[in-house]
Amino acid sequence: MNVTLRGRIGSAEAAPQLVDGTFVRDLIDLDAREVSLRVHHDREIFDIEMERIFAKSWLPLAHESEIPNPGDFVRRNAGQDSCLVVRREDGSIAVLLNACSHRGMTLCREEKGNSQTFKCPYHGWAFGKDGRFLGAPFEKQMYGDELRRAADDLHLVVAKTAMLGGMIFANWDQDAEDFEAYLGDFAWYLRAALERTNRGFEVIGPPQRQIMRANWKLLAEQLADGYHARALHQSAGDMGTLGHDAHDPASWGMVGINVSTPGGHTMRCIDTRLAYSFAGIGDTASVAERLAAVPPPGANADMVKQFSNNLSDGQMRLLADTPPLVMGLFPGTDFFMLMSVGGSDDGSHGPVMVARAWTPRSPELFEMLTWTLVERDAPPELREQTRLTTLRNFGISGFIEQDDAEAWQGIQKAVQGPVARRMTAKYQAKLGVTRPEGFEGGGDVYAGFSRDDAQWAWWKRYAQVMGA
Ligand code: FES
Ligand SMILES: [Fe+2]
């Protein structure tokens, strides 16, 4: 009895209208590039988002290194639904709805573990780690052989799954576009960042889990906002991560390459030579020399030698000149990779390597998981430096994320007021597509000062999916 959710993201469905007669399209002015702040507040809008976006999107749930052995599982949320991410006997991954097919009881309440079967606490029906119905107590007395015959229909609901850089993504919508189509041109960038070495990434420990008092979009759209670095991240300047020249926008990571794709994925890459004062690389150095001199975050000179096995010349050049700082996948995933202080006593820079997933809980609450990524080949010192630098910059104890969360929560507070809700957020700073010569990456590429282009592309995708 596999549940199928019909309708594809972006498909032509009726334009949604709110009870006061407002169309969702009236809240997003595509010509003026402004968005009503009401989108962060109204329950009705939230409900439409859950149905049109989160029940039909590819969402990240776990890293495959969290469940290395058959029977290993973690319990996560995919959109509004609880699910189990399980390693099957053959090594493949199953994402199962955590609800018993008998009467819907939550099947498993453990955060993680290893189990060959999942037994429902209510009446005791049992399911295999691939979701198959195995049997029920007093089955003969209760049902004769009816359950046997209906076993296929009693299978737990299974999501579609895909993997990138070891992250496991799931989609409840059996009709959803496949994962590669969902990634589109963005796959080229993601693979450059996440599949650059022979053995790839694993995660350090379980993800941090936190609840944020803000609408989920305030995080998702901010990923493409380079403009806030100088003001909101003053603390990163004070601590020596950014802004070695207070008046130079490049040293604040505000100059480089931004990218957006029609699927609403966005990326900011900062110019290595301009952003990091410690870089000290000459203009004439080759790509290999530049990568060896300043490996992208999380890599060392040894790992850099593996890049050519896995990446194209264009991807290598991307990592050498403008390594991705933040890559946001619409609607609920990002990867942050930068060099920052916090991981060593002498104040030197270490890698911040983060994957995050967020799940809306209500219009003003979202839950976020934060994983620390590390190359499997990382030596112990680099691993420890990555762990500490990441923890001190992102997640619950991270000073960079605390800055960002100030903005999410500050806006959320403001929109509690009916007057503030009548205001709009504005995205008129436009650079336009300025693809550098010879740049191989796809999508719309904006090279130069980080303006609102990529961020507005995120809103255009949101508007499209919401039928606006
Ligand atoms: S609800 Fe699970 S066995 Fe009855
Ligand atoms: Fe930020």
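Which residues coordinate the iron ion (ligand 2)? In this predicted model, the donors are His228 and His233, each through NE2, together with Asp404 through OD. The distances from these atoms to the metal run from 2.0 to 2.1 Å. Along the sequence, the donor residues follow the spacing H-x4-H-x170-D. Both histidines, His228 and His233, are buried.

A useful place to turn next is the region that carries an annotation. The UniProt record, an unreviewed entry, places the feature "domain: Rieske" at residues 58-156. In the model, the C-alpha atoms at the two ends of residues 58-156 are 19 Å apart. Helix accounts for 9% of this span and strand for 36%.

One of the strands to consider here is β3, at residues 59-63. An open sheet of 3 strands runs in the order β3-β12-β11, with antiparallel pairing. Its edges are β3 and β11 (160-164), each of which pairs on one side only. From one strand to the next, the twist averages 30 degrees. The pairing of β3 with β12 (residues 167-171) is antiparallel and extends over 4 bridges. Within that pairing, Ala62 has Ile168 of β12 as its bridge partner. As a general point, the strands of a sheet are held in register by backbone hydrogen bonds, in either a parallel or an antiparallel sense.

A second set of strand pairings centres on β20. Is strand β20 (residues 365-375) buried or exposed? Of its 11 residues, 10 are buried, so the strand is largely enclosed by the rest of the structure. Three partners can be described in turn. Strand β13 (residues 201-203) pairs with β20 in the antiparallel sense over 3 bridges, and Glu202 has Val374 of β20 as its bridge partner. Strand β14 (residues 208-212) also pairs with β20 in the antiparallel sense, here over 5 bridges, with Gln208 standing opposite Thr370. Strand β19 (residues 350-362) forms 8 bridges with β20, again antiparallel. In that pairing, Ala357 is matched with Leu369 of β20. The connection from β19 to β20 is a hairpin through 2 residues.

Burial is also a feature of helix α13. Of the 9 residues in this helix (residues 313-321), 7 are buried, so α13 is largely enclosed by the rest of the structure. The buried residues are Gly314, Gln315, Met316, Leu318, Leu319, Ala320 and Asp321.

Charged side chains offer another view of the model. How many salt bridges does a search of the whole structure find? The search returns 25. In general terms, side chains of opposite charge can pair when their charged atoms come close. Some of these contacts are joined together: Glu64, Arg87, Glu202, Arg376 and Arg383 are linked in a network of salt bridges. Glu202 thus appears in this network and also as the bridge partner of Val374 in β20.

Individual pairs can be described alongside the accessibility of their members. Asp130 and Arg132 form a salt bridge in which the closest N and O atoms are 3.3 Å apart. Asp130 is partly exposed, with a relative accessible area of 25%, and Arg132 is likewise classed as partly exposed at 45%.

Glu139 brings several of these themes together. This residue belongs to helix α2 (residues 139-143) and forms a salt bridge with Arg148, with closest N and O atoms 2.9 Å apart. Why does Glu139 count as buried? Its relative accessibility is 14%, and the buried class covers values under 20%. Arg148, at 42% relative accessibility, counts as partly exposed. The side chain of Glu139 also reaches the backbone nitrogen of Ala136, at 3.0 Å.

A further salt bridge joins the side chains of Glu384 and Arg387, with an N to O distance of 2.9 Å. Both residues lie in helix α14 (residues 380-393), and because they are 3 residues apart, about one helical turn separates them. An α-helix has 3.6 residues a turn, so residues three or four places apart point the same way. Glu384 is partly exposed at 33% relative accessibility, and Arg387 is partly exposed at 30%.

How values were computed: Residues numbered from 1 in each chain as written. Chains lettered and ligands numbered in written order. Predicted model: local features only at pLDDT ≥ 70, side-chain atom pairs only at ≥ 80, totals over all residues. Heavy atoms only, no water. Donors = N, O, S within 2.8 Å, 3.2 Å for Na, K, Ca; no water. Buried < 20%, exposed > 50% of the residue type's maximum accessible area, 1.4 Å probe, protein only. Salt bridge = Lys/Arg side-chain N within 4 Å of Asp/Glu carboxyl O. UniProt positions renumbered as here; feature names shortened; annotations may be inferred. Pairing = 2+ DSSP bridges. Axes fitted to C-alpha atoms, helices over the stretch in contact; angles between N-to-C directions. Polar contact = N/O pair within 3.5 Å; in protein donor to acceptor, adjacent residues only side chain to side chain.
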